[in-house]
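Me: Got a minute to walk through this one with me? I'd like to start with the core and then hop around.

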Amino acid sequence: MTQKKKGKLTKVLDYLKHDDPFSKGVAFCPGCSLELLIRFIPQVLGNDIVITGTPSCSAPVLLGQNNQSWHSLSYFGTLMTGAAANATGLARYYRKAGIDNTVICFNGDGTAADIGFGNLAGAAERNEPFIYICYDNEGYMNTGIQKSATTPFGASTTTTPFGSASKGKNLRRMNLALKMAMHKIPYTATATMSDLGDLAKKLLKAKEAKERGFAFLHVFAPCPTGWGYAPENTIEVCRRAVKTNYFPLWEAENGKIRMTKTVKKPKPVSTYTELIKKFAHLDEADLQILQDDIDYEYCLLGGLSVLEAECQLPVSAED
Amino acid sequence: MNTKAKEKSQIKVITGNAAAAIGAQLARPDVVAAYPITPQTEIIEQISKFHANGEMDCELITVEGENSAMNAVMAASLAGGRVFTATSSWGLAFMYDAVLATSGARAPVVMVNVNRETPGIIAVSSGQQDMISTRDAGWIFLIAEDCQEILDLVLQAYRLAEDYDIQVPVMVHYDGFYLSYLSEVVDVPLQEDVDRFLSVLKDQPERTKLIPGGKLGCGSHGILGGYLELRHKHVCARESSKAKFEQIDKEYQEIFGRGYGGQIEEYRMDDADVVLVGSGSMCGTIKTVIDEKRDAGVKVGLLKIRMYRPFPSEVMVKALKGKKAIGVVDRSLCFGFKGGPIYTELKAFETQLGGSKMISFIDGIANTDITIVNVEQMIDATCDLAAGKDVREVTWVSYPEAQEDGGL
């Protein structure tokens, strides 16, 4: 990977300056977006990162068993409750000992938005010097597809099943990235696997930003097994999530929001949900609720980006 | 006490919490996690003050909860740092998953736990129930009797936790309220002496550390033989910590002039017929009453537990063997058994004690004072037991209603 032929590479591959530290075959489901993501991160940021992770879809591959491992990265396998605190402890000790470091706290949405949200918010408030990456597959996929805070309205999961008295999850999803941006941390961004150049840029920006404090990446990571779509459609699901504004791509430096990709004519959300079985039971009226929520969130994002420009954050708060 | 050592220290009148904070400061930790809870709060306030005044060069993490406190210091410890944190009661319960993970990962964390009750009723009061509820977490537990011993145990705890052959986290316990806010004369060692005492740790092989690019996984998925191996090594390390603690206590005495006897302290035990077994601040009162009883011709002694986990069964059996009667004082409950937890544990060694009779006293829960009168009552009952009289197995000393008909 380190040696590249000039002139024949796409822009995305130019970002892959480091080796892939993972073995060729790893224990993910076919079509898993997570595999692409965890192979991508160290190839962009380097293999000298320290990753912390928790019991989740990533665990079987990141953890290893006994003294066997699927990869050659420094890895800290820990608990969902305190992942951000673990990363805090590592980053603070390295700082005290003068050890150059890039600590990546790598978690699913269950840890980030549910059980570990308290310590994620705590680390952001203290502006801890590490990168937090949430790969969001909208629920607890590893334990068998249960609902989380980021599970969208209408999605059928094993704890919000579609039935005669239920349309699936009857609640809005948490906008995790926006919450984190409101901490005014040095860097917040959303990204997904259909826009790898955008993801690579954001990873590098996060690495730069963690020199000033907390960096948060919210990566949309669809799951063919849990959501019910064909494995070969993973990238297409990502693409349509962006094109419908279901998952808009943006970044925020010290809370100042900026769209990194603007969709000129957003497609209706049905062009996204039609690929995915967990939405298959929704009728037009249900889809309209989801559409209204997407429109509202996108409008809010745009409004906030304007307001942030008008209301100047005090310089001292940016340091 | 060795007066020569005294010249190399300074005498202060400080609270138990201040003694713990100064102990931590003298150990020079790299990372400290701080979160308040009564009656521990003063410790982290003092450390924050040291930090703010440039008197403590550490990374101070003002976490948003105890769970994060333990997770932060566990990770910093596995990265190679010396760490400190302190908690109490519900705080210890809130960090329980990380407490288990820390010992399982063999992270040499040192934590102070200021003992407080943990029942469903929010009891802001003393009691060792928090300690008892976490005794099987795989940590080494040490218990201090007074403010001086708090400081001394914090320093000894680092030697034990970070010892290459041990690498097990250590919790230093002391009674909330009775010691946390009690001001006593404390002989504070000089930094250079503490540095010398801890310097042994620098000469040993370097422990495994999680460093960037180090190609090391901490907390991998342990299964079958791999897990069994790690668990067995964990148990072995804890067992070997008993002898190590005795050795550390001796070295401590050589440098600072204070030694406590290691895992247990024996007070007037040599010719004693009856013995009380206790731990923590109650031991001061018990010693006073024993002196009075001795003057009256009663052959009574005290066995003070300093190391509670691992359970110092060997030295306890050795010290208690052949005694006519033993009264065990518990400041906590052992749900599922009538007697107190330490009593119940000691019962497991009954056959090795050569016929010593045992009874259980439960007292000092929820700030009920273990008074001189209470201790006299316990000694009298234990003497009655030794004399072959009919004595009830379990006595709630400050709650006579428990002894009424139908009570335990």
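**Core, interfaces and odd backbone spots**

Reply: Sure. The largest nonpolar core has 217 residues, and Leu90(A), Ile150(B) and Val154(B) touch the most other members. A nonpolar core here is a set of buried Ala, Val, Leu, Ile, Met, Phe, Trp, Tyr and Cys residues joined through C-beta atoms within 7 Å. Buried means 20 or more other C-beta atoms within 10 Å of a residue's own, exposed means 12 or fewer, partly exposed is in between, and C-beta atoms are placed from the backbone.

Me: Which helix gives the largest share of this core?
Reply: Helix H8 (residues 147-161) of chain B, with ten residues. Helices (H or I, at least four residues) and strands (E, at least two) are DSSP runs, numbered from the N terminus. The core also draws at least three residues from each of domain 1 (3-256) and domain 2 (264-403) of chain B. Those domain bounds come from an automatic or database domain assignment.

Me: Before I go on, is this predicted or what, and how is it numbered?
Reply: It's a predicted model, where local features need pLDDT of at least 70, side-chain atom pairs count only at pLDDT 80 or more, and totals for chains, interfaces and linings use all residues. Residues are numbered from 1 along each chain as its sequence is written, while chains are lettered from A and ligands numbered from 1 in the order in which they are written.

Me: OK. What is Val154(B) in contact with, leaving aside neighbours within four places in sequence?
Reply: Ala20(B), Gly23(B), Ala24(B), Ala27(B), Val110(B), Val112(B) and Val172(B). Contact means that the two C-beta atoms, placed from the backbone, lie within 7 Å.

Me: Switching to the chains: how many residues of chain A are in contact with chain B?
Reply: 38 residues of chain A, against 37 residues of chain B. On the chain A side, strand E2 (74-77), helix H4 (83-97) and helix H6 (117-125) each supply at least two residues. H4(A) has the largest share there, eleven residues.

Me: And inside chain B, how many residues do the two domains put in contact?
Reply: 26 residues of domain 1 are in contact with 21 residues of domain 2. The centres of those two domains, taken over C-alpha atoms, are separated by 28 Å. On the domain 1 side, the elements giving two or more residues are helix H7 (129-133), strand E6 (140-143), strand E7 (170-175) and helix H10 (224-256) of chain B. H10(B) brings the largest share, five residues.

Me: Helix packing next. At what angle do H11 and H14 of chain B pack?
Reply: About 60°, with the axes of H11 (residues 282-295) and H14 (residues 372-386) 9 Å apart. So H11(B) is oblique to H14(B). For the cut-offs, angles under 35 degrees count as roughly parallel, over 145 as roughly antiparallel, 65 to 115 as roughly perpendicular and the rest as oblique. Axes are lines fitted to C-alpha atoms, for helices over the stretch in contact, and angles run from 0 to 180 degrees between N-to-C directions.

Me: Who makes that contact?
Reply: From H11(B), Thr285(B), Ile286(B), Thr288(B), Val289(B) and Lys293(B); from H14(B), Ile372(B), Val375(B), Glu376(B) and Ile379(B).

Me: What about H2 and H8 in chain A, what's their angle?
Reply: H2 (residues 33-45) and H8 (residues 196-209) of chain A pack at about 55°, axes 10 Å apart. H2(A) and H8(A) are therefore oblique to each other. Phe40(A), Ile41(A), Val44(A) and Leu45(A) in H2(A) meet residues of H8(A) including Leu199(A), Leu203(A) and Lys207(A).

Me: Is Ile305(B) buried or exposed?
Reply: Buried, because 24 other C-beta atoms lie within 10 Å. Ile305(B) lies in strand E12 (residues 300-305) of chain B. Among its contacts beyond four places in sequence are Ile143(B), Ile264(B) and Ile342(B).

Me: Last topic, weird backbone. Which peptide bonds into prolines are cis?
Reply: Thr38(B) to Pro39(B) is cis, with omega near 0°, and so is Arg309(B) to Pro310(B), with omega near -5°. Pro39(B) lies in the loop between strand E2 (31-33) and helix H3 (41-52) of chain B. Pro310(B) is in the loop between strand E13 (307-309) and helix H12 (313-320) of chain B.

Me: And what's phi at Ile145(A)?
Reply: Near 65°, a positive value in a residue other than glycine. Most residues other than glycine have a negative phi, and most peptide bonds are trans. Ile145(A) is buried, with 24 other C-beta atoms within 10 Å. Asn245(A) also has a phi near 65°, and Asn245(A) is buried, with 21 other C-beta atoms within 10 Å.
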